Amino acid sequence: MPSILTFPFPTPHQSSPKPAHTSDGRRTSPPAAVMPPPLQAHRLLISHRRLPTPARRRFTAVSSLQSAPATTLAPGPATSSILSIRESLLSGERTAADITSEYLSRLCRTEPSLRSFIHVADAAAEREAVELDRRIASGEKDAVGPLSGVLVGVKDNLCTANMPSTGGSRILDGYRPAYDATAVRRLREAGAIVVGKTNLDEFGMGSTTEGSAFQVTTNPWDDSCVPGGSSGGSASAVSARQCVVSLGSDTGGSVRQPASFCGVVGLKPTYGRVSRFGLMAYASSLDVVGCFGSSVFDTATILSVVAGHDKMDSTSSSQVVPDYASELVSLDLLESKPLTGVRIGIIQETLGEGVANGVISSIKGAASHLEQLGSVVEEVSLPSFSLGLPAYYILASSEASSNLSRYDGIRYGRQVSADDLNDLYGESRANGLGHEVKMRILMGTYALSAGYYDAYYKRAQQVRTLVKESFKDALERYDILISPAAPSTAYKIGEKINDPLAMYAGDIMTVNVNLAGLPALVVPCGFVEGGPAGLPVGLQMIGSQFCEGNLLRVGHIFEQTLQNLSFVPPLLAES
């Protein structure tokens with residue numbers, strides 16, 4: 001059989017045939033499924049100081065992936081829910097109303113224990129499904145769009161017209177924006193049905209959803225464990241099939257860590273790939289709108305829809321958006337070594353002290369699987385990796401102290417009666433903002449103060465430059481880098497709520513990617529013992545800027561060829 005994929009990967013700087021696009025860089029119509037031509041790996045020249053290049057060391061493989069305890073569900077490759085829904089609608093096998101009813105029924109059964117959603121728009125979803133069925137029955141041209149009938153959960157820090165958008169904070173309780181965030185608007189234009197707003201840590205500041213002002217979300221694999229955060233509600237909802245896909249935001253790992261904890265696919269795009277218009281700002285130089293799906297194909301489909309330049313966001317990129325899903329090859333067309341020629345670096349610093357043994361075993365098993373698929377896997381050292389965590393928290397807190405000044409009780413949200421303006425500001429913020437948000441505002445204000453700016457903020461920006469150089473150097477030699485998405489699997493609710501430093505340390509695997517502005521994909525790769533059926537582990541794949549397509553192709557091949565593992569939580573078997 002001829003080779004379907006040709007490696008090394010193309011880079012954004014190299015050309016290949018492109019379909020027609022609008023002026024904002026977005027596709028006007030789906031192209032035929034064509035694969036990129038053979039291209040040579042891109043090499044960059046670094047004109048400034050480079051970090052020392054460590055000696056390459058061949059990765060030592062382990063015999064097999066760590067398997068999960070047996071379940072009643074038959075394992076097999078992840079399938080696309082979006083494709084299944086589209087085919088059902090086009091063939092007339094099912095109606096949009098039936099599909100919506102199925103998901104809403106499951107949501108109703110599981111939500112009391114999961115608490116994934118802050119707001120459920122069930123009546124609106126049913127109305128939209130009925131209207132879609134009417135358009136299909138009347139034979140309207142283009143009635144079935146790319147996402148028609150697909151139920152989407154939206155993280156509650158993304159604005160949605162005519163729905164509450166609280167950011168998980170009491171200070172915005174009852175706030176209803178007059179507009180949709182760009183990512184949400186593009187989903188609706190593609191036919192998606194927004195089923196509700198998902199829970200999060202307040203303004204995205206947290207790793208468990210315990211920082212939400214409204215409720216704590218639980219993990220579908222074990223309801224005594226956290227789902228991760230801050231996009232824990234979005235990850236939990238997709239894992240429990242309460243919705244088909246969901247949107248989240250990722251400032252320092254808020255899509256990737258929950259994806260790992262909940263056993264779903266999570267994608268953090270390159271900074272600027274997706275518009276931030278309508279996303280409540282936490283740290284503007286780090287914030288990215290990301291997405292969750294139960295398969296790589298679904299995640300790729302969502303990215304193709306939401307990505308692209310937006311005149312409402314000056315930081316959004318004008319680079320052309322590929323049809324990512326059309327570049328993914330089905331399992332029956334793959335040759336025996338589909339990743340031949342791909343060079344993968346496994347980051348040494350992510351498999352050492354502080355990382356759970358079960359996580360290390362799963363990641364090494366995943367690396368072994370990638371080798372079996374034909375890739376070359378070697379260990380690579382990133383000397384600045386350990387510096388990223390403290391630098392991230394200084395920079396993110398500093399930006400948050402500025403961004404959150406807008407919540408003053410006058411322009412937005414809750415207002416407390418007071419005798420003078422200063423008391424009104426102070427009391428409104430004191431009553432409306434949670435403990436974690438106040439702490440990060442104070443940390444950021446301190447780091448930006450005149451006496452400490454050079455010692456903290458300036459030095460953190462210098463470390464950020466070192467992190468970027470370190471990744472740039474490594475990605476000149478490797479097509480992708482891999483690591484765990486988190487140093488542990490999901491831990492118990494309340495376990496780290498009184499130890500913020502331990503909770504912050506859980507972001508060590510992810511924050512460097514945000515500092516460097518790179519894309520990263522998390523795919524489930526194994527299990528460790530825990531809960532009724534094991535707790536999932538996520539493999540993080542990191543690529544060069546605007547090379548999401550490379551990550552999605554490798555992730556799709558990895559996912560489709562993974563044997564004897566099923567990432568469907570026992571909650572679904574019980575219901």
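**Figure 1. Glu189 and its partner in helix H4.** Let us start at Glu189, an exposed residue with a relative accessible area of 55% in this predicted model. The side chain of Glu189 meets that of Arg185 in a salt bridge, with 3.0 Å from N to O. Both residues belong to helix H4, where they sit four residues apart, or about one turn of the helix. Arg185 counts as partly exposed, at 32% relative accessibility. If you are wondering what brings such partners together, side chains of opposite charge can pair when their charged atoms come close.

**Figure 2. The buried residues of helix H4.** Here we stay with H4, which spans residues 182–189, and look at Thr182, Ala183, Val184, Arg186 and Leu187, which are buried. What do the buried residues of H4 pack against? Their neighbours are four strands and a helix: E3 (151–155), E4 (193–198), E5 (245–250), E7 (288–293) and helix H7 (296–306). Follow the chain just past the end of H4 and you meet Gly191, which takes a positive phi of about 105 degrees.

**Figure 3. A salt bridge inside helix H11.** Glu436 and Arg440 form a salt bridge, and their closest N and O atoms are 2.7 Å apart. The two residues are separated by about one helical turn, because they are four residues apart in helix H11 (residues 435–448). Are these partners buried or exposed? Glu436 counts as buried at 19% relative accessibility, and Arg440 counts as buried too, at 4%.

**Figure 4. A network of salt bridges.** Elsewhere, Glu131, Arg134, Arg135 and Glu140 are joined into one network by salt bridges that share partners. One of the links is between the side chains of Arg134 and Glu140, at 3.4 Å from N to O. Arg134 is partly exposed, with a relative accessible area of 42%. Glu140 is also partly exposed, at 33% relative accessibility. For a wider view, a search of the whole structure finds 16 salt bridges.

**Figure 5. A negative patch on the surface.** Which residues form a negative surface patch? The patch is made by Asp419, Asp420, Asp423 and Glu427. To find your way there, look for Asp419 in the loop between helix H9 (388–403) and H10. Asp419 is exposed, with a relative accessible area of 82%.

**Figure 6. A nonpolar patch with a residue of helix H10.** Three residues, Ile410, Leu421 and Tyr425, form a nonpolar patch on the surface. Together they have about 260 Å² of accessible area. Tyr425 is a handy landmark, as a member of helix H10 (residues 421–432). With a relative accessible area of 30%, Tyr425 is partly exposed.

**Figure 7. Backbone angles at Asp142 and Phe546.** This view compares two spots in the backbone. As a starting point, most residues other than glycine have a negative phi, and most peptide bonds are trans. Asp142 is not a glycine, yet its phi is positive, at about 60 degrees. You will find Asp142 in the loop between helix H3 (122–137) and E3. With a relative accessible area of 61%, Asp142 is exposed. Phe546 also has a positive phi without being a glycine, in this case of about 65 degrees. The loop that holds Phe546 runs between strand E12 (535–542) and helix H15 (548–561). Phe546 is buried, with a relative accessible area of 18%.

**Figure 8. A cis peptide bond before Ser230.** Where is the peptide bond that is cis? The bond runs from Gly229 to Ser230, and its omega is near 5 degrees. Ser230 is found in the loop between E4 and helix H5 (232–239).

**Figure 9. Stepping back to the whole protein.** To place the close-ups, it helps to see the full chain. How many helices and strands does the protein have? There are 16 helices and twelve strands. Of the 575 residues in the protein, 59% are buried. Among contacts between residues at least 6 apart in sequence, 79% join residues at least 24 apart. The accessible surface comes to about 22000 Å², and carbon and sulfur atoms account for 52% of that area.

Notes. Residues are numbered from 1 along each chain as its sequence is written. This is a predicted model: local features need pLDDT of at least 70, side-chain atom pairs count only at pLDDT 80 or more; totals for chains, interfaces and linings use all residues. Side-chain values use heavy atoms; hydrogens and water are left out. Patches are made of residues with over 30% relative accessible area and no salt bridge: like charges are joined within 9 Å, nonpolar side chains (Val, Leu, Ile, Met, Phe, Trp, Tyr) within 5 Å. Accessible areas come from the Shrake-Rupley method with a 1.4 Å probe; for residues, only the protein chains shown count as cover. A salt bridge is a side-chain nitrogen of Lys or Arg within 4 Å of a carboxyl oxygen of Asp or Glu. Buried means under 20% relative accessible area, exposed over 50%, partly exposed in between (1.4 Å probe, protein chains only). Lys and Arg count as positive and Asp and Glu as negative; His and the chain ends are not counted. The place of a charge is taken as NZ of Lys, CZ of Arg, CG of Asp or CD of Glu. Contact means heavy atoms within 4.5 Å.
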